[in-house]
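Here are some worked exercises to try with the model open beside you. Take each task on your own before reading the solution.

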Amino acid sequence: MKATSRVFDARFYAWLFIAGFLTFMMHEAAHWAAGNLMGYPMHVRLNGVDFLTPVSAMDQALADAAGPLVTILQAIIAYLLVNVRKSHRAFAFLYFAAFMRLLAAAVSVFHPNDEARLSSFLGLGVWTLPIVVATGLIVLVWQASRLLKTGWRDQLACYLVASLSITAVVFADRFLF
């Protein structure tokens with residue numbers, strides 16, 4: 001049986017782990033910036049933001065939208081860099097954006113995420129935006145994976161490293177903030 005060659009090396013996986021932290025930071029910073037631009041005092045953590053005063057439903061929806069919009073923009077830029085330059089580092093940011101939003105959609109079963117709250121606010125039902133966003137990002141990862149000719153071992157390693165990165169962010173957020 002022929003072994004599947006690997007596209008990525010250890011440096012890529014270290015970069016993917018770091019991309020996880022950076023993706024969370026950009027995502028939460030977008031929520032924080034949106035709230036601050038609307039005049040609300042905010043508290044930002046690694047895995048969330050809190051309004052420190054009451055907020056209107058519309059302002060909450062705008063702040064909810066800011067994080068996913070930045071993460072989607074990150075994914076699109078990363079996809080373009082993979083497409084044009086075959087950048088492995090860009091693939092790390094694309095992969096993590098998709099992984100993060102897919103996991104956030106799954107968690108919405110218990111605690112509605114940004115897209116779920118926004119989807120509900122817009123009258124689209126809880127699951128419309130989480131499904132659309134996660135599916136769109138997964139399609140970009142799939143296309144980029146084909147372009148880079150990744151194999152199942154690469155994908156499994158990406159999944160494991162991204163899982164570790166998210167676990168580290170969630171635990172650090174819980175114990176540091």
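## Exercise 1: Two isoleucines in helices

Locate Ile72, which sits in helix α2, and work out how exposed its side is to the surroundings.

Step 1. Some ground rules: this is a predicted model, in which local features need pLDDT of at least 70 and side-chain atom pairs count only at pLDDT 80 or more, while totals for chains, interfaces and linings use all residues. Residues are numbered from 1 along each chain as its sequence is written, and side-chain values use heavy atoms, with hydrogens and water left out.

Step 2. Helices (H or I, at least four residues) and strands (E, at least two) are DSSP runs, numbered from the N terminus.

Step 3. With a relative accessible area of 24%, Ile72 is partly exposed. The scale runs from buried (under 20% relative accessible area) through partly exposed to exposed (over 50%), using a 1.4 Å probe and protein chains only.

Step 4. Now look across to Arg101: its C-alpha atom is 9.1 Å from that of Ile72, and the two residues are 29 residues apart along the chain.

Step 5. Repeat for Ile138, in helix α5. Ile138 is partly exposed, at 38% relative accessibility. From C-alpha to C-alpha, Ile138 and Leu102 are 8.3 Å apart, with their positions 36 residues apart in sequence. Leaving out residues up to four places away in sequence, Ile138 touches Ala98 and Leu102, where contact means heavy atoms within 4.5 Å.

## Exercise 2: Checking helix lengths

Compare the expected and modelled spans of α2 and α6.

Step 1. The expected span of a helix is 1.5 Å times one less than its number of residues.

Step 2. α2 has 29 residues and should therefore span 42 Å; its end C-alpha atoms are 42 Å apart, in agreement.

Step 3. For the 25 residues of α6 the expected span is 36 Å, and the end C-alpha atoms are 35 Å apart, which agrees.

Step 4. Which elements do the buried residues of α6 pack against? They pack against α1, β1 (42-45) and α3. The buried residues of α6 include Cys158, Val161, Ile166 and Val169.

## Exercise 3: Two lysines with positive phi

Find Lys86 and Lys149 and inspect their backbones.

Step 1. Most residues other than glycine have a negative phi.

Step 2. Lys86 follows just after α2, with a positive phi of about 55 degrees. Lys86 belongs to the loop between α2 and α3 and is partly exposed, at 46% relative accessibility.

Step 3. Lys149 is not a glycine either, yet has a positive phi of about 60 degrees. Lys149 is in the loop between α5 (128-148) and α6. Is Lys149 buried or exposed? Its relative accessible area is 67%, so Lys149 is exposed.

## Exercise 4: Aromatic pairs

Find the aromatic pairs and classify two of them.

Step 1. Rings of Phe, Tyr and Trp (its six-membered ring) pair if their centres lie within 6.5 Å; planes under 30 degrees apart count as stacked, over 60 as edge-to-face and the rest as tilted.

Step 2. The whole structure holds 14 aromatic pairs. In one of them, Phe12 and Phe91 have ring centres 6.3 Å apart and planes at 35 degrees, so this pair is tilted. The pair links distant parts of the chain, with Phe12 in helix α1 and Phe91 in helix α3, 79 residues apart. Both Phe12 and Phe91 are buried.

Step 3. Phe17 and Phe21 form a tilted pair too, at 5.5 Å centre to centre and 55 degrees between the planes. Phe17 and Phe21 are four residues apart in helix α1, and so separated by about one helical turn. Phe17 is partly exposed at 32% relative accessibility, and Phe21 is partly exposed at 25%.

Step 4. One aromatic cluster contains Phe12 and Phe91, and among its other members are Phe8, Tyr95 and Tyr159.

## Exercise 5: A buried serine

Describe the surroundings of Ser108.

Step 1. Ser108 lies in the loop between α3 and α4.

Step 2. Ser108 is buried, since its relative accessible area is 4%.

Step 3. Residues up to four places away in sequence aside, Ser108 touches Asn113, Ala116 and Trp127.
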